[in-house]
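This report introduces the pockets and the helix packing of one protein chain to a reader who has not seen it before. Please keep the structure in view while reading.

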Amino acid sequence: MAVKTLFLCILLAAVKLFANVEADLNNRPIIGVLAEEFRQRHGHETKQSSYIAASYVKFLEGAGARVVPVMINETKDYYRHIVDKVNGILLPGGATYFNATDGYAEAGGELYHLAVEKNKQGDYFPIWGTCLGFELLTYLAANKVEHRTRCLSYNEASPLWFRGNISASRMFKNAPYDIIGILAKENVTANFHHFCLTMETMRRLNLTIDWQFMTFNEDSYGMEYISTLEHRSYPFYGVQFHPEKNMYEWKQGKIHPHFAEAVRVSQFFANFFVNEARKNNHKFDNEMEERKHLIYNYPLVYTGNLTVFEQCYVF
């Protein structure tokens, strides 16, 4: 009887501890997704707007988050306001430049430095970078030194080469063994990039002090490049490949792995980042302000006949 009572007390204590942990999490996370330049040519005139591919929004929504679009070419006060209200930032992939003429990198820089400031103050604020966003993270960490190497890994699906002790990685240490196995053996990562990050460059720029690099790949010519990274101290994460495409992009002629295992690993990455955002408790001042910023205010546009994306939000 005494043993049963002791077991019951331990069980109740564990349930109470778990309930307290759950209570500390923000289960209504809102994540800011950065827009980027979108150009359409009409005769000799180029019309410029900005866009967010819907696959990035669905990627986050499918893991239990809502999305606020973060516009380019805005003021510092605007970006500070966004970071103060949302629970994380996603820097999407795309095709734009890292210079002052295009707003993506400038806006990304503001968001990055605000996120560093928050984390230094003990305010857990995560960032996720995909492809171009992955490259932008280290570009900003290197004080805007162009550090990418030309490569070719376009329209390819591949597994990941894990290096070192992944238990030291926040991204992978709690991953189910079967997910790691799928990532290591199956062609589940969709690659669409012409630039790569190499360990040689990371060492030259002293980025190995603050960043760790967990997986690698080879491009079409056999050059080894980094495919996942994370900051050692801050919840900043990046992948060179496109997990969102496995679930939400269907362009004919593009290699988007849609088989069940590929979808599972995509969901793993989405769940991981949204769970990181749940650790942040920022919120808008009231429901009206929150509604005004959400992406639900903008219509979806079918762009499969114009771009590689099935749908976009165009601003």
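## Pockets

In this predicted model, the largest pocket holds about 530 Å³ of space. Its lining is made by 24 residues, and those closest to the centre of the pocket are Gly94, Ala95, Tyr154, Phe192 and His194. Helix H5 (132–141), strand E7 (149–158) and strand E9 (189–196) each contribute at least two residues to this lining, and the greatest contribution comes from E9, which gives 4 residues.

The second largest pocket encloses about 260 Å³ of space. Around this second pocket there are 13 lining residues, and the ones nearest its centre are Asn174, Phe272, Asn275, Glu276 and Lys279. The table sets out the two pockets by volume and by the classes of their lining residues.

| Pocket | Volume | Classes in the lining |
|---|---|---|
| Largest pocket | about 530 Å³ | 11 nonpolar, 8 polar and 5 charged residues |
| Second largest pocket | about 260 Å³ | 5 nonpolar, 3 polar and 5 charged residues |

## Helix packing

Two packed helices are described by the angle between their axes and by the distance between those axes. Two pairs of helices are taken up here in turn.

For helix H3 (residues 76–85) and helix H4 (residues 103–120), the axes come within 10 Å and cross at roughly 50°, which means that H3 is oblique to H4. The crossing of H3 and H4 is right-handed. On the H3 side, Lys76, Tyr79, Arg80, Val83 and Asp84 take part in the contact, and they meet Ala107, Glu110, Leu111, Leu114, Glu117 and Lys118 on the H4 side. Sorted by class, the residues of the contact of H3 with H4 comprise 5 nonpolar, no polar and 6 charged.

The other pair consists of helix H6 (residues 177–185) and helix H9 (residues 260–277), which pack at an angle of about 115° with their axes 10 Å apart. The crossing of H6 and H9 is left-handed. From H6, the residues that make the contact are Asp178, Ile179, Ile182 and Leu183, while H9 brings Glu261, Arg264, Val265, Phe268 and Phe269. In the contact of H6 with H9, the residues divide into 6 nonpolar, no polar and 3 charged.

Definitions and conventions. Residues numbered from 1 in each chain as written. Predicted model: local features only at pLDDT ≥ 70, side-chain atom pairs only at ≥ 80, totals over all residues. Heavy atoms only, no water. 1 Å grid on protein atoms, 1.4 Å probe; cavity = no way out; pocket = protein on both sides within 12 Å on 5 of 7 lines; lining within 4 Å. Points joined across faces, edges and corners; volume = space filled by probe spheres on them. Nonpolar A, V, L, I, M, F, W, Y, C, P; charged D, E, K, R; others polar. Axes fitted to C-alpha atoms, helices over the stretch in contact; angles between N-to-C directions. Parallel < 35°, antiparallel > 145°, perpendicular 65-115°, else oblique. Left-handed = near helix turned anticlockwise from the far one by under 90°. Contact = heavy atoms within 4.5 Å.
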